[in-house]
Structures are given as C-alpha cells and as structure tokens.
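This report describes selected features of one protein chain, from backbone geometry to side-chain contacts. The sequence and the model are shown first.

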Amino acid sequence: MASYLKLKAQEETWLQRHSRLILAILAGLGSLLTAYLTYTKLTEQPAAFCTGDGGCDLVLSSRWAEFLGIPTAAVGLLGFLGVLALAVLPDGLPLVKRWRWPALFGLVSAMTAFEMYMLYLMVAVLRQFCMYCTTAIILVAGLGLVTVLGHRWLDGGKLAFSYILVAFLTLVTTIGVYANQVPPPSPLAVGLAAHLRQIGGTMYGAYWCPHCQDQKELFGAAFDQVPYVECSPNGPGTPQAQECTEAGITSYPTWIINGRTYTGVRSLEALAVASGYPLEEGR
C-alpha cells in the first residue's frame, strides 16, 4: 500500500501539488481588489487611476455596479473569500477533505459565469475598458483553470455538465436581478419625456460620459422617448459627430430646449421649467 501511495503521489503534476496554494494567492489578491472597490463604492470616492472621463469611472458608476442593493464588488469579495477559505482549511476538519474540491468547483463556476456577464457588459454594452474589472476577470479565470487542472477529477463529462448547469443558473439569476433592479419611471419623467419629444428638446451626449449616464438615469426607462444625439459614436478622443459640431456642443451632457442651451446634468424639475412643462401634470 505504501508503494502504491508513493506511486500515486509521483503521478501528481506540479500544478496539482501546489493548487491549493495558488488558489489561496489568487483569491487573496481578488479579496484585496474587491475590498478596495467595495470601500470606494460605499464611501463614494473615485477609484485610483480613474480619470472621470469614461473607462473604469463609467463602469464603476453604472447601474450594474450594484447587485441587490449592495456593491457588485462586495459580491465578488464574498466569492474570493469563500475560495480562500476552502483553499486553506485543513483536511482534518469534518467534511473538508471530502467536499473541498466539489465546493470549490461549484463556487468558482458561479464566479466565472458572473464575470463572463460582467465582461459582456463592459465590452458590448458600456464599451469601456476598466482596469479593475479586467483584473478581477483575469483572477477568476485563473481560479477556474487551477480548479479544473489542479485536481484529479474522475469524470470529465459529469464535470462539464455540472459547470453548464451552475453557469446557466448563475446567468439566469444575475440577468433576472439586474432586469428587476430598473425602477419604473416616475410620472414626471414619463410626462416630461413626451413633452420634450413634442417640442424637440434634445440632449447631446456621449455613451462614455458618466454625467450623461447620470442624466439618463434620472429619466429611467422614459429616456427612450427623449430626443438624443450621440456626439461621440467612435469613443473618446475621436472627432465629434457633425450634428453636434454644428449645434455648437462643447461638453456633455448639453440640452438645447426652445433655442436655449443648458450644460451639465439637470434635474427633471429644472428641465420641466426650461421646457415649459407644467410640474403639476407630472405629480
């Protein structure tokens, strides 16, 4: 028996022998990163190296930066701490040796699916590069690789099926939560949006502009009815759209209402006054 165990040990790869240590290191780094992002979100402080003109600032201030009322980074922090605990717990504790790797696989599978959705939002929806988000995605991808390759799994087919199931449930839950986090627009927002469309009151902005996102969020879903011109379709640093140049737009967001120009984020009440919309109709 001793010779058999020795032979099995020799068959282990370098990654399998050090997998728990690597998982602990990656999870520790992820915990520090997400703890910092959680702190900046809760204290409403800008993250370091975020310039405020798009990029990580836009991603970290978007509506996807909160999940069930808490910072999305805090959800990531819980995941990284869970992986860290599972990696460092000694085998002598009850059930740890038996369930360590199945638990790691389930947790890391959920984390990878969640980060895949975050990557989709960053690339396809917000179209911005976020240094912190990308780092988190890389760390989670590393956790996934080490979890799969750093343990001797007996049934690859069952493993693949389990990943598909966990990823599917995670994505359905995540998309469902974010879909239901969008509050219905207020009566004022709905009425004002329709009024602005009727009189041709137009907002000029850029998809990467955080203040433009703030302005849109004041309207909620009703913003779809507001006349809007995208001034920077090709991203920061590229030539402005001709329509915006001709309108004399120099900053975002800018409103042109009844021939007058208003710059910066404006409250719904201020826009109502500027456009001549009776506030009592939106109450």
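Proline 253 lies in the loop between H10 and S5. In this predicted model, the peptide bond that leads into proline 253 from tyrosine 252 is cis, with omega near -5 degrees. Most peptide bonds are trans, and most residues other than glycine have a negative phi. Two non-glycine residues that depart from the rule for phi are listed below, together with their location and accessibility.

| Residue | Phi | Location | Relative accessible area |
|---|---|---|---|
| Leucine 68 | near 55 degrees | loop between strand S1 (66-67) and strand S2 (70-71) | 62%, exposed |
| Asparagine 258 | about 50 degrees | loop between S5 and strand S6 (260-263) | 52%, exposed |

A positive phi, near 65 degrees, is also found at glycine 220, which follows H9.

**Helix H9 and its surroundings**

Helix H9 spans residues 210-219, and its buried residues are Pro210, Cys212, Gln215, Lys216 and Phe219. Which elements do the buried residues of H9 pack against? Three helices and three strands take part: H3, helix H8 (187-199) and helix H11 (268-275), along with strand S3 (202-205), strand S4 (228-230) and strand S5 (254-257).

Cysteine 231 is placed in the loop between S4 and helix H10 (242-246). Is cysteine 231 buried or exposed? With a relative accessible area of 0%, cysteine 231 is buried. Leaving aside residues up to four places away in sequence, cysteine 231 touches Tyr204, Gly205, Pro239, Gln240, Ala241, Cys244, Ile249 and Tyr252. One of these partners, Tyr252, is the residue that precedes the cis peptide bond. Between cysteine 231 and threonine 250, which are 19 residues apart along the chain, the C-alpha separation is 9.9 Å.

**Annotated transmembrane regions**

The UniProt record annotates residues 21-41, 67-87, 103-123, 129-149 and 159-179 as "transmembrane region". Two of these spans can be described by their secondary structure. Residues 103-123 are 100% helix and 0% strand, and the C-alpha atoms at the two ends are 30 Å apart. Residues 67-87, by comparison, are 76% helix and 14% strand, with 26 Å between the end C-alpha atoms.

**Packing of H5 and H6**

H5 and helix H6 (residues 131-149) pack with their axes 9 Å apart and at an angle of about 150 degrees. The crossing of H5 past H6 is left-handed. On the H5 side, the contact is made by Trp101, Leu104, Phe105, Val108, Met111, Thr112, Glu115, Leu119 and Met122. H6 contributes Cys133, Thr134, Ala136, Ile137, Val140, Leu143, Gly144, Thr147 and Val148. Sorted by class, the residues of this contact comprise 13 nonpolar, four polar and one charged.

**A salt-bridge network**

Side chains of opposite charge can pair when their charged atoms come close. How many salt bridges does a search of the whole structure find? The search finds two. In one of them, aspartate 91 pairs with arginine 20, and the closest N and O atoms are 3.8 Å apart. Aspartate 91 belongs to the loop between helix H4 (72-88) and helix H5 (96-125), whereas arginine 20 belongs to helix H2 (residues 14-43), so the pair ties together parts that are 71 residues apart in sequence. Both partners count as partly exposed, aspartate 91 at 37% relative accessibility and arginine 20 with a relative accessible area of 28%.

The other salt bridge joins the side chains of aspartate 91 and arginine 100, with an N to O distance of 2.4 Å. Arginine 100 counts as buried, at 2% relative accessibility. Through shared partners, Arg20, Asp91 and Arg100 form one network of salt bridges.

**Further positions in and after H2**

Glutamine 16 is also part of helix H2. Glutamine 16 has a relative accessible area of 18% and is therefore buried, the limit being under 20%. Its contacts, apart from residues up to four places away in sequence, are Glu11, Leu149, Gly150, His151 and Arg152.

Proline 46 is situated in the loop between H2 and helix H3 (56-60). With a relative accessible area of 63%, proline 46 is exposed. The C-alpha atoms of proline 46 and leucine 89 are separated by 35 Å, the two residues being 43 positions apart along the chain.

Methods
Residues numbered from 1 in each chain as written. Predicted model: local features only at pLDDT ≥ 70, side-chain atom pairs only at ≥ 80, totals over all residues. Heavy atoms only, no water. UniProt positions renumbered as here; feature names shortened; annotations may be inferred. Helix = DSSP H or I, 4+ residues; strand = E, 2+ residues; numbered from the N terminus. Salt bridge = Lys/Arg side-chain N within 4 Å of Asp/Glu carboxyl O. Buried < 20%, exposed > 50% of the residue type's maximum accessible area, 1.4 Å probe, protein only. Axes fitted to C-alpha atoms, helices over the stretch in contact; angles between N-to-C directions. Left-handed = near helix turned anticlockwise from the far one by under 90°. Contact = heavy atoms within 4.5 Å. Nonpolar A, V, L, I, M, F, W, Y, C, P; charged D, E, K, R; others polar.
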